[in-house]
Amino acid sequence: MVVRFQADLAGSLSNTTGLRAQMTDGYITWNRYSAANIRVGQFKTPFGFEQLYGDPRLITIERTLVNDRLTESRQVGAQVAGDFLEKRVSYAVGAFNGNGVNNNANDNNAFLKVGRISVTPWQGTVAGANATWSVAANGYSSKDSGLALSDLGLDSTPTTADKDGLFTGKRNAYGVDSQFVSGPFELW
């Protein structure tokens, strides 16, 4: 079993206190079987390679704007994930509240459903360096009510669709990504 709690304690450019404290990751993972790990808490949803790639390994100082707009980032939820065939196939499927990081309220009875499968069809060497090529497909579906936190009695700050990205309706997203790694060279 793995327990992780990571907090972000930092200053902010907000016009209120200028300081904030929030949980980044907080989850429990039951990992007895490599083909079926169960995770519950707040963590990254399994959508988008760049989103799932570890911060210290990123080439740039921040993730791209496209990644920030199209992925669902961290959510509160539950997930089953695992790998098999000598880690050449991995998967993750989960259901999340769909309301973003550090928000345990759900604005409706629907859940954000996310899934990802990754396959490594080739492993070998290129110019004497270990090399791999992997391909993945992922998707999510969500039905959003577009209720503001103030509508739920959780925050008195007024919200607007252009400022807060509130959306009402059904969202479906699908993606395919591929990576080639040979020694220090990476192509996504």
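In the predicted model, R116 is buried, with a relative accessible area of 12%. The salt-bridge partner of R116 is D177, and the closest N and O atoms of the two side chains are 3.0 Å apart. Because D177 belongs to strand β8 and R116 to strand β6, this pair ties together parts of the chain that are 61 residues apart in sequence. D177 is likewise assigned to the buried class, its relative accessible area being 15%, which lies under the 20% limit for that class.

The search of the whole structure that identifies this interaction returns 3 salt bridges. Another of them joins D25 to R74, with a closest N to O separation of 2.9 Å; here the link runs between strand β2, which holds D25, and strand β4, which holds R74, across 49 residues of sequence. Both D25 and R74 are buried. A further salt bridge is formed by the side chains of E72 and R171, at 2.8 Å from N to O. In that case E72 is placed in the loop between α2 (65–70) and β4, whereas R171 is part of strand β8, and the two residues are 99 residues apart. E72 counts as buried at 10% relative accessibility.

E72 and R171 also share a neighbour, since both are among the residues touched by Y140. Leaving aside residues up to four places away in sequence, the contacts of Y140 comprise F47, L70, E72, L112, K113, V114, R171, N172 and A173. Y140 is itself a member of the largest nonpolar core, a group of 8 residues that further includes Y27, F43, F47, F96, L112, V114 and A173. In soluble globular proteins, nonpolar side chains tend to be buried together. Of the residues in this core, F47, L112, V114 and A173 appear in the contact list of Y140.

Aromatic interactions were examined next. A search of the whole structure gives 10 aromatic pairs, one of which is formed by Y27 and F43 in an edge-to-face arrangement, with 5.9 Å between the ring centres and 80 degrees between the planes. Since Y27 lies in strand β2 (residues 19–33) and F43 in strand β3, the pair ties together parts that are 16 residues apart in sequence. Y27 is buried, with a relative accessible area of 10%, and F43 is also buried, with a value of 1%. In a stacked arrangement, by contrast, W122 and F180 have ring centres 6.4 Å apart and planes at 20 degrees. W122 is found in strand β6 (residues 112–126) and F180 in strand β8 (residues 169–182), so that this pair links distant parts of the chain, 58 residues apart. W122 counts as partly exposed at 33% relative accessibility, and F180 is partly exposed as well, with a relative accessible area of 24%.

The ring pairs extend beyond Y27 and F43, linking these two residues and F96 into a cluster. R39 is associated with two rings of this cluster: the charged end of R39 sits over the ring of Y27, at 4.0 Å from its centre, and over the ring of F43, at 5.5 Å from its centre.

The strand arrangement provides the setting for several of these residues. Strand β3 (residues 36–44) and strand β4 (residues 74–84) run antiparallel and are joined by 8 bridges, with I38 having V80 in β4 as its bridge partner. Strand β4 pairs in turn with strand β5 (residues 89–96), again in the antiparallel sense and over 8 bridges, and Q79 has G94 in β5 as its bridge partner. The hairpin of β4 and β5 has 4 residues between the strands, and within this hairpin L85 takes a positive phi near 55 degrees.

Toward the start of the chain, A10 lies in strand β1 (residues 2–11) and counts as partly exposed at 26% relative accessibility. The C-alpha atoms of A10 and Q22 are separated by 8.9 Å, the two residues being 12 residues apart along the chain.

Terms used:
Residues numbered from 1 in each chain as written. Predicted model: local features only at pLDDT ≥ 70, side-chain atom pairs only at ≥ 80, totals over all residues. Heavy atoms only, no water. Core = buried A, V, L, I, M, F, W, Y, C linked by side-chain atoms within 4.5 Å. Buried < 20%, exposed > 50% of the residue type's maximum accessible area, 1.4 Å probe, protein only. Contact = heavy atoms within 4.5 Å. Pairing = 2+ DSSP bridges. Phe/Tyr/Trp six-rings, centres within 6.5 Å; stacked < 30°, edge-to-face > 60°. Lys NZ or Arg CZ within 6 Å of the ring centre and 35° of its normal. Salt bridge = Lys/Arg side-chain N within 4 Å of Asp/Glu carboxyl O.
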